[in-house]
Amino acid sequence: MKIADRSGAAASKSAAGKPDSQERFDSVRGRVGLGLGPLALGLMLLVTGGLAWEQRALAAVLCLMVVWWVTEAIPLAATALFGIVLCVLMGVSDEDTVFGAFGNDTIFTFLGGFVIARSMTVHGLDKRIALRVLSTGGVVRSPVRTVIAFGAIACVISAFVSNTATVAMLFPIGIGIVRAVSTINTEKGGQDLHHSRWSTSLMLMIAYAGSIGGLLTPIGAPHQLIGRDLVEEQTGKTVNFVEWVLVFAPVVLVMFVALCLVLLRLNRPEVRELSGAEAYVAGQRAELGAFSRGEANTCVAFAVAVVGWTLPGISSLFLGDDHEAVTWMHEHLTEGVAAIVAATLLFLLPLGSTGGSARRAPTLTWNEAVKIDWGVILLFGAGTVVGSLSSETGLAETMGTSLADHLGVSSLVSITILAAVAGLLISETTSNTASAGIVVPIVVPIAVAMDVNPLIPGLAATAAAGYGFMLPVSTPPNAIVYGSGMVPMTRMIRSGLVFDLIGVTVLVIGLLTMTPLVGL
C-alpha cells in the first residue's frame, strides 16, 4: 500500500537531512496556518449566510481543515480527527453518522495491505526482488539501463507497497551504486559522479516511478481508495479491482515510458559504463542469504490477497454480473475481507521453533505489525466522513454548480481537465490523501450539474492527487531523494514541471479513452 501522506513525510525528510532553510519555512508556515485556520472558519460562517446551517458549518470546517492541511499546522491525521469532531459539535450531523464511517470496508483494506507490506519489509522480500532485477543481464553496467531498471522496480513494488517504503528501500541501494561507481571512476582519473546528471536522473527516477507505480492498482495508494470511495458514493457506480487495473494500466505504461525519455533527455548521463556496480549488487545479494521461510510465507499471504482482490472482477468478466457466484463474491469477498484474511495468515504461518522452545514464531509479530501508519487510516476515515457529509448536506452540489457557472466548464473534456489540474496543483502543496478529499467532492457535483458522466472527472481528480513532481515538499519520495544532495532544486523543478504537464495530458486522454472501453 502506498502511503502518500505528509504525516509520513516529516520523518522521511528529517531522515534525508532536510536543509535548514526548508525547516525554517515549514516552521513559519505551520505557525501562520495555525492562526489562519480558525480565522478561515469564522469568515466562512459570515459569508455563507444564505445557506442552510448544516452547509454553512460544514463549509467552515472544511476551510479550517484545508488551511491546516496545506500549512501542516498540526499533524494531518490530527487535523482530520478534529475536523470530524467539529462536525458533531457544530451540528452538521450526529455522532453515529460521523464516527460510523470508520467501519468502512476500505479501512480494512488499508489495514490488511499495510500489514502485508510491513511483512515484506521485515523479511527483506522487497529488497530481494529489487536486487534480483538489478543483477539480471548486466543491467547495472549501463547507466541508462540502471536508471530504467530502478524505475521499473519502483513502479511494480509501489503498486502494492507504500511509495515511501518503496523509495526508502531503493534509495540506499541507489546511493550505494553511485558511491561504488564514483569511487572507481575517480581512481581512474574520471569524474566524481555524486553530483552528475546521471546520479540526478537515478534519484529522480526512484522518486517519480515510486509515485506513478501506485496508480496501477486501486490499493496502491491511500488517496486512490479515498477518491474511489467518494466517487462510488456520489455516483452510485462501482469500480472493482480489475476494472481499475484495465483503465489505468495503459496510463501507467505511457507515463513510465515518458518518464524514462524525459529524465534521460534532461539529465543525459556523462558516462557509458558503470564500473563496480555489478560487484556492489552481488555483495548486497550475498548479504541477504538464502530465501527465508518468512519471505515464502509473505509471498503466500500476498498471493491470497491478490486472488481475493481480483477474483470477483475476473469472475464478472467471464460469468457476468448476475451470476450467483459473482453476486456472492461481491457481497462477501470484499477487498477489505480479502486483505484481512491474507494479513491474518501472517500471524498463523510459522517461521519455525524459537531456540529450544516448542513454540513456533509467527511470520509477523504484533509488535512489528503495529508499526504500520495508523495516521493514514485515521485520515481516510475522516476524509470519508467529510465527503459523505458534503453530499448529504447538499454542500457539494452547491459548490459544484457555483464553480461550473463561474468557470464556464460544460463538457466532459473540460471538466476532466479541470479535475486533473486541480488535483495536481493541490497535491504540489499538500498531502495526496488530503488533495483527493478536497477535489473529488467538488468536481463530481460539477459533472452531475453539467449532465456528463461524473465517474471520469472523479477518477481524474483521484489519480492527479497522486502527482506532484516539482518540489521536495510535494511528496515523501521527492523529499527523500532531495536529501541525498544529488538533486539540485532547479533540476527537480524543471524535470517535475515537464512531467506534470505530460502526466496530466496522458491521464486525461487515457481516462477518456479507456473508461468507455472498460464499460465505465
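## Helix crossings and the largest pocket

The axes of helix α20 (residues 412–427) and helix α24 (residues 489–518) come within 10 Å of each other and cross at roughly 140°. That makes α20 oblique to α24, since angles under 35 degrees count as roughly parallel, over 145 as roughly antiparallel, 65 to 115 as roughly perpendicular and the rest as oblique. The crossing is right-handed. On the α20 side the contact is made by L412, V413, T416, I417, A420, V421 and L424, and on the α24 side by D500, V504, L507, V508 and L512; contact means heavy atoms within 4.5 Å.

A word on the model: it is predicted, with local features needing pLDDT of at least 70 and side-chain atom pairs counting only at pLDDT 80 or more, while totals for chains, interfaces and linings use all residues. Residues are numbered from 1 along each chain as its sequence is written, and side-chain values use heavy atoms, leaving out hydrogens and water.

Now to α11 (222–235). The axes of α11 and helix α22 (residues 455–464) come within 9 Å and cross at roughly 160°, so the two are roughly antiparallel. Their crossing is right-handed. H223, Q224, G227, R228, V231 and T235 of α11 make this contact with L455, G458, L459, T462 and A463 of α22.

For α14 and α15, the axes come within 9 Å and cross at roughly 160°, which means that α14 is roughly antiparallel to α15. This crossing is left-handed. Here L311, P312, S315, S316 and L319 in α14 meet V326, M329 and H330 in α15.

Here are the contact residues by class (nonpolar is Ala, Val, Leu, Ile, Met, Phe, Trp, Tyr, Cys and Pro; charged is Asp, Glu, Lys and Arg; polar is the others, Gly among them).

| Contact | Nonpolar | Polar | Charged |
|---|---|---|---|
| α20 with α24 | 10 residues | 1 residue | 1 residue |
| α11 with α22 | 4 residues | 6 residues | 1 residue |
| α14 with α15 | 5 residues | 3 residues | no residues |

Where do these helices meet the largest pocket? A pocket is an open set of points on a 1 Å grid over the protein atoms alone, where a 1.4 Å probe fits, with protein on both sides within 12 Å along at least five of seven lines; lining residues have an atom within 4 Å of a point. About 540 Å³ of space lies in the largest pocket. Among the elements that give two or more residues to its lining are α11, α14 (293–319) and α15 (324–332). α14 gives the most, with 7 residues. The lining has 26 residues, of which T238, V239, N240, H330 and E335 lie nearest the pocket centre. H330 of α15 is also one of the residues that meet α14. By class, the lining divides into 9 nonpolar, 10 polar and 7 charged residues.

Methods
Points joined across faces, edges and corners; volume = space filled by probe spheres on them. Helix = DSSP H or I, 4+ residues; strand = E, 2+ residues; numbered from the N terminus. Axes fitted to C-alpha atoms, helices over the stretch in contact; angles between N-to-C directions. Left-handed = near helix turned anticlockwise from the far one by under 90°.
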